[in-house]
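Work through the exercises below with the structure open. Try each task before reading its solution.

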Amino acid sequence: MKPDPADALRAIAEAEALRTLGTQRVRANPARLAAGWERRFVTDVARAEEAVALYAAMGYEVVADPVVPEDLDEGCDTCALATMFRTVYTRRQPE
């Protein structure tokens, strides 16, 4: 069976929508930002592990912090699904 290009496009659009929603609804950790970390994105646990490995291979310091209720916008702070996500932060290694 030949893959349908519309399915691939739909998957990309859905992933982008989730990424955008995560960026809007999950606040960056101010302590991380103050320490020089750059927030990259919010993603699920499996993708966070991949991102950590990838950024580390490129020479970055990288962490994937669990999303905690304090990071969430009002109205989202009681969502149990938030525990399934991580916020990925990177910073350059000190030279």
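The exercises go from the whole chain to its strands and then to one residue.

**Exercise 1. Fold inventory**

Task: State how many helices and strands the chain has, and give their order.

Solution: Note that the model is predicted. Count the elements: three helices and three strands. Then read from the N terminus: the order is α-α-β-α-β-β.

**Exercise 2. Strand pairing**

Task: Find which strands pair with β3, and in which direction they run.

Solution: Locate β3 at residues 85–92. Start with β1: six bridges join β1 to β3, and the two run antiparallel. One of the pairs to check is E38, whose bridge partner in β3 is T90. Move on to β2, residues 60–66. Seven bridges join β2 to β3, again antiparallel. Here D65 stands opposite T87 in β3.

**Exercise 3. One residue in β1**

Task: Decide whether T43 is buried or exposed, and list its contacts beyond four places in sequence.

Solution: Place T43 first: it lies in β1, residues 38–44. Its relative accessibility is 12%. The cut-off for buried is under 20%, so T43 counts as buried. Leaving out residues up to four places away, T43 touches A48, M84, F85, R86 and V88.

**Exercise 4. Whole-chain totals**

Task: Give the buried share, the share of long-separation contacts and the accessible surface of the chain.

Solution: Of the 95 residues, 23% are buried. Take contacts with a separation of 6 or more: 71% join residues 24 or more positions apart. The accessible surface is about 6800 Å², and carbon and sulfur atoms hold 60% of that surface.

Methods: Residues numbered from 1 in each chain as written. Predicted model: local features only at pLDDT ≥ 70, side-chain atom pairs only at ≥ 80, totals over all residues. Heavy atoms only, no water. Helix = DSSP H or I, 4+ residues; strand = E, 2+ residues; numbered from the N terminus. Buried < 20%, exposed > 50% of the residue type's maximum accessible area, 1.4 Å probe, protein only. Contact = heavy atoms within 4.5 Å. Areas by Shrake-Rupley, 256 points an atom, 1.4 Å probe, with all protein chains shown as cover. Pairing = 2+ DSSP bridges.
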